[in-house]
Amino acid sequence: MKYKILWAFALLLLICGIALFLTARYADRIVDPYVRSLLEQSKPMNHRIAYRRIRVNLISSLINIKDVRIYPDSSLVKDENIWMEVSVDLIKLTDFGIKDLLLHKTLRVGDLVLLKPEVMVHMPLKVNRKTIDEVADDSVAVKKAPLMTSISLNRMIISGGSFRLIQNDVLLASSDEIGFLAREINLVKNSQDEPVGYTYGDVKITLSNIALHSETGFYEMSLDKFSIDKVDSTILLSGFKMKPKFDKKEFTTKLEFQTERFDVEINSIEIAGIGYRRLLDGLPLQISKVIIDGVNADIFKDKNLPFDINKFPMFYNESFLKISIPLIIDTVSVTNSALLYNELADGRTEPGLIRLEQFNLQSYNLTNQPEADSIENVMKFYAQAMIMGEGPMNLELVMPLEGNLRQVECSGSVGAMQLSPLNAMLEPSLNIKFNGGRVTRMTFAFKGNDNTSEGWMEFLYKDIDVVLLKKDQAKEKGFISFMANTVALSNNPAHGKEIKSVQIGTERDKNKGLINFVWKTIQSGMVRTIIPMNKYEIKHPKQAKKKLEEDKSDQKKKEEDKSAKKKKN
């Protein structure tokens, strides 16, 4: 009896040994159908996942998957959807457990490591709602129960490799340094209609040393780093550079019409508090803040070139409303920036310029879905800067996001500064020059529409010395300049008199943008204040301010009445 038990035990050990040997010898053949059966039912964003072979090492608990490809399914409409092609020679799965696979149809893995993948993402020509929606499962596919019900990963790591972003066979961006880390990923079979669902923990994606490719070939653009972090729902772009390939003179020779030349550096762009899940659930994408820090921009235009009369720029609110992704943004701000705009006027050799230092800008509560609530939605920009490094400027620009989109309002002020730094812009545009004088304060407010602007200005200054120039800047119009200084108002307020306040306004050039419209309106007030033009003078500036406040009060009441009417309906 004793020997029979020993023989039985020895036989059992032999059987177990043979089973263990066969499992170890043919483990890859055991694992392979389980993985393939799950992938047959899983098509993320209508993409297929395929590989050539699996190699399993039970001793080191390691699975090597060779020659893996992710590619679009034939049902995907490539012109209307984002699609990708990914190829990687080797994927490593560490610390897996074959027991759970055989007994519970569950593959548990420690790390999934992709070594040097090649990633190409193709953008559609036009991003629409379907692009960001979750794609339905392929109705043609034969539904069958997968052998494996779930995959659990502790970490997914991508190291090295290359990334390409392509649109219509044109390379938009590329990077040769990919970093990707995701934790606690689970793929779980839910039902026949929805075979695979997923959950995930922390995710961080990083692309470094990115080259951005300009379709025109006029610029070299780059980005030091791009990262997405799910922990705090943040996208961060660092070290953006947009450098022209040609100097200002040569750049102009390559243009057909007047076009701005941009030389821009941005320290960082942070997009924080991104509601990814809201977007996937069909709701507007909510973003808590967009912070653009350290913009250093040099913008140049040569006005000796022909002007494109078929160009009709949109206002900023119109462009924002045309963004195809539904958005709600709590805060947008630009900080610690410096802007230089210079243009070469027709027939001149030296450009005029205006420089804004310590530039900051804020905007709040923006949405391109204004019909979603009863509030009268507007786009407001608040800007602060030092004009030519001297005069503190505060500006408020208001544009509607519903109704008549060209009904804009602008108000602001400029503090004390010398007038002579303004010559850099006023000489080319108005052929006038200040040899002396100082701004005490400038305050203005106006409304504009698609055709004209109208408002008021108080431009206070002391001891101005005005010179009128010929087109040849070296020659002054001596007698006319003398007469200009004789009739010009040298001080505002003049000694013993009230402050001079004037009506301001201009006809809008519809071939030019909103900034030009604002500047021409402000410029009209400066000229009308300095040169005696009684027809524009407001005799009682305090009453003019009172009327402006009454107009604002009436507008507010109309908005409240409209809001109450919407709520009632």
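I take buried to mean under 20% relative accessible area, exposed over 50%, and partly exposed in between (1.4 Å probe, protein chains only). By that criterion, I find that 41% of the 569 residues of the protein chain count as buried.

The model is predicted, so I note its filters: local features need pLDDT of at least 70, side-chain atom pairs count only at pLDDT 80 or more, and totals for chains, interfaces and linings use all residues. Residues are numbered from 1 along each chain as its sequence is written, and side-chain values use heavy atoms, with hydrogens and water left out.

Whole chain. I looked up the secondary structure and obtained 11 helices and 26 strands (DSSP runs numbered from the N terminus; helices are H or I with at least four residues, strands E with at least two). For contacts (heavy atoms within 4.5 Å) with a separation of 6 or more, I find that residues 24 or more positions apart account for 64%.

Ser162. I located Ser162 in strand β8, residues 162-167. Its relative accessible area is 15%, so Ser162 is buried. Leaving aside neighbours within four places in sequence, I list its contacts as Pro117, Glu118, Val119, Ser175, Asp176 and Ile178.

Gly389. I placed Gly389 in the loop between β19 (378-387) and β20 (391-400). Gly389 is partly exposed, at a relative accessible area of 33%. Beyond neighbours within four places in sequence, Gly389 is in contact with Arg355 and Glu357. I also recorded a C-alpha to C-alpha distance of 9.8 Å between Gly389 and Ala338, which are 51 residues apart in sequence.
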